[in-house]
Structures are given as C-alpha cells and as structure tokens.
Amino acid sequence: LLVSKDLGKHLLEVEDLLQKHGLLEADISAQTERVQALNTAALKFSELEGYQPCDPQIICNRVNHVQTCLEELGELAGKRRKELEDSRQLWAFFQEMEEAEAWIREKEQILATKTYGRDLSSVLTLTNKHKSMLGELGNRRALLHQTMKKGEQILAKKRFSPGGIQEKMREVRLRWKKLEEVTGLHQQRLQEAFNFFQFSAETDDLVAWLQDTYRIVSSDDFGHDDYSTQGLLRKHRAVVEEVEKHRTAVLSLRKQLALLAPEYRQGVDVQIRVVEVEQLYGEVAEVAVLRQQWLQDALAVYRMFSEVHACEVWVDEKEQWLEKMEVPEELDEVEVIQHRFESLDQEMNSVMGRILDVNQVVQQLVDGGHPSSEEVRSCQDHLNSRWNRVVELVERKKDQLSSVLKIQNYLLEC
C-alpha cells in the first residue's frame, strides 16, 4: 500500500487516497505501540541470568530487525503522504485553473451577447452592471494570481512533469488577457453609447426648449396699454437673455458631434438633427429680435397715444377757455388777461415740444412700416389740427387784446 504509485487522477480521488492513507497511518501508529511493547518484553529474555531459553544475540537481532522494519514503514508512510499532498496540490491547482477557465468562458459569453443600450437609461443600467462585473474581475484576478503562484511552486518542486502545468498556465493567461481586452473594449463601447445618448438627450432638451421659446417669442400679444406692454417687454428681454445664453450650447453641438464615435457621428439622422437645431435656433433668435422691435414699437405707440391724450386734454381746456373768453374793455382787466396769455405762451412752448416729440415718434413708426401707421398718422393729424386751432385762437385773442390796448392807450393819451 505504501509503495503504490497510484497518486490519483483528479482531486476527489486524491482526497480519497489521503483519507485511506490517514487510516493506514493510524494503524501503523497503533502497531508501533504494540511493537514497542513486544520489543521491551523480548529484551528482558536477553538479560536473564542462568538458564536462557534462547540465545540473547538472536533476541537482540530480532528486536533490531523489527524496529528497523517499523522505521522503514514510517518513512514510507511519510513519503507517500508527501507524494499524496503534492498530488492534491497539483490537482487542486488544475481544478482552480478549470474554475478560472469556466468563469472566463461565462464572462466571454455574457460580453458577446451584451448590447450597448437603446437609450440613456438602459446604457446607465448596463454601465452599472458592467461596473459590478469589473469588481468580480478584480476579485477573480487576485484568486488567479494566487493560483498561478501555486503553479510556480509546483514547478519549483520538479515532482511532476512541467509540460501540462506550464501549458495550462500559458493558456489561462492568454484567455485572461483576451477577457480583459474584451472587457475594456466593452467598457469603451458603453462609454461611447453613453456619450451618444447623452448628446441625443441634451439635444432633445435643447429642441424642446427652443420650441417652447419659439411659441413665446412668436406670440401676437403686444399688450393693450403702456403698463402691460412694458411688462411684456421686460419678460421678453429676459427670454432674449436666455436665448443668448443657449447660443453657446447650439454652437458647441458640432464639436460634441465630432467627439462621438464614428458609428454614431456619421449617422445621417444625427447630422440632420444638428442642422435642424441650428436652424430652429436661428429662427428663434430672429423672431425674438422682431418681437422685441414690435414690443418697442407698441410701447412707443401707447406712449404716443398717452402723450397725445395729455396734449389733447390741455388743448380741450385751452380751447374752452379761449372760446368762452371775452376781451374786456377795462384797462385793468385787459392787463390781467395779458398776464395770463404770457403764462399761456410758456405752457404752449412746453406743449409744443411734446407735440414735436409726438410727430418725431410718428414719423419713425411710419418709416419703420408699423402696422398701425395709418391710425398713428390719423392721430397725429388730429392733434396737429387741434393744436393749430388753438394757435389760431390764441393769435386771434391776442389781436383782440392788442386792439383793445391800442384803444385804451389812445384814450389815455387824449
């Protein structure tokens, strides 16, 4: 049993042989105690004085022979245990290598069947799974390193043929290297897919924002008075600032597209998408400028109407006063009226400046092709007509006052 060359053909068989060898070692240990007891008892016969049933030398020789055989048996048992343990180490090494190969094959199949996602959410899910696999890869790499060290230790003992061990180690190293390359390539593909879908998502968000903004800047609500139009103009200026802020994002689309992987950036759909975004932004910016001009024009119209109304109120008041005013014949009353006309001249100069401003605004609106040009022009003509009437009334009343003054001065001189 101890000189057997059967060291097992796989790990389970070696474990079974080791278990049987342990039983054999236990039996040898038990027999050793028995042999020691027998040897001790036998040596007593070699020490007898007087009658000796057997030659003492024969007894000593027999005891030494049995002891030597027992020691040789112990040495054989130790040697076989060492061989069996070396065999177990070898087959444990091969089993660990087979497990490593099986794990590598499993991951190769997973990587071969994996897609790179259909949208940003699926890519993120796949990326998280890939990160988990990278963690497994790291753990498996450490285990494989330990197994390789065991293989090197087995080779260093030179108890077994190195061919199978070296070949297995070389094969597993090559497969592991290929797995890491495939894993790295898959990670790169996932990153490329993530970049593309993120680019697409950001582009979609930009398109949605531009479409919403286009609806805002293309509104036909220009307010109904000075206050409401000022409010709309303030909001529109804030929108224009946002449009300007988004200019950088639109201009950077082509740079981002150029950074994508060729299979993504060379797609016709994505290139068309970028052109559509640029065109849409151009339309939004253009319409925003137009709406700002229209709001300013509307504000100018409402302010002009407000100014016209204020001037007409003044004109109504002065018309009524001038039409009702009768030129007095008494000198004192004439002088009072004359002083009032002096104040009126100052007011008229001020109002005249406001009317000139109104005329200037009207001319700018008409020259700019404002849609309310006819209404504005009509309002201007009406104000100018009433102003001219007031001027005529004032001149007429001044002439009357002047005539009365001349008469009064003539009478005084007389």
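These legends go with a set of close-up views of a predicted model.

**View 1. Asp212 and Arg215 pair up within helix 4.** Here we're looking at a salt bridge between Asp212 and Arg215, with the closest N and O atoms 2.1 Å apart. Both residues sit in helix 4, which covers residues 162-217, and they are three residues apart, so about one helical turn separates them. As for solvent, Asp212 is partly exposed at 38% relative accessibility, while Arg215 comes out as exposed, with a relative accessible area of 54%. The pair belongs to a longer list: a search of the whole structure turns up 26 salt bridges.

**View 2. Arg273 and Glu276 form a salt bridge in helix 8.** Helix 8 runs over residues 268-324, and the two partners are three residues apart in it, which puts about one helical turn between them. The closest N and O atoms of Glu276 and Arg273 are 3.9 Å apart; the cut-off for a salt bridge is 4 Å, so this pair counts. Glu276 is partly exposed, its relative accessible area being 40%. Arg273 is partly exposed too, at 29% relative accessibility.

**View 3. Arg389 and Glu319 link helix 10 to helix 8.** This time the salt bridge joins Arg389 and Glu319, whose closest N and O atoms are 3.3 Å apart. Arg389 belongs to helix 10 (residues 373-413) and Glu319 to helix 8, so the pair ties together parts that lie 70 residues apart in sequence. The two ends have their own surroundings: Glu319 is buried at 10% relative accessibility, and Arg389 is partly exposed, with a relative accessible area of 38%. Pull back a little and the pair turns out to be part of a network of salt bridges that links Asp316, Glu319, Arg386 and Arg389.

**View 4. Arg88 of helix 2 and its contacts from elsewhere in the chain.** Arg88 lies in helix 2, made up of residues 56-113. Set aside the neighbours within four places in sequence, and Arg88 is in contact with Leu11, Val14, Glu15 and Leu18. Leu12 is also worth picking out: its C-alpha atom is 8.8 Å from that of Arg88, although the two residues are 76 residues apart along the chain. Arg88 itself is partly exposed, having a relative accessible area of 32%.

**View 5. A nonpolar surface patch made of Val3, Leu73 and Leu76.** Together, these three residues put about 240 Å² of accessible area on the surface. Val3 comes from the segment before helix 1 (11-45). With 58% relative accessibility, Val3 is exposed; the threshold for that label is over 50%, so Val3 clears it.

**View 6. Helix 5 and its bend at Lys245.** Helix 5 takes in residues 226-251, 26 residues in total. At 1.5 Å a residue it should span 38 Å, and its end C-alpha atoms are 37 Å apart, so expectation and model agree. Have a look at Lys245, where helix 5 bends by about 25 degrees. Which residues of helix 5 are buried? They are Ser228, Thr229, Gly231, Leu232, Leu233, His236, Val239, Val243, His246 and Val250.

Definitions and conventions. Residues numbered from 1 in each chain as written. Predicted model: local features only at pLDDT ≥ 70, side-chain atom pairs only at ≥ 80, totals over all residues. Heavy atoms only, no water. Salt bridge = Lys/Arg side-chain N within 4 Å of Asp/Glu carboxyl O. Helix = DSSP H or I, 4+ residues; strand = E, 2+ residues; numbered from the N terminus. Buried < 20%, exposed > 50% of the residue type's maximum accessible area, 1.4 Å probe, protein only. Contact = heavy atoms within 4.5 Å. Patch = residues over 30% accessible without salt bridge, like charges linked within 9 Å, V, L, I, M, F, W, Y side chains within 5 Å. Areas by Shrake-Rupley, 256 points an atom, 1.4 Å probe, with all protein chains shown as cover. Expected span 1.5 Å × (residues − 1). Bend = angle between axes of the 7 residues up to and from the residue.
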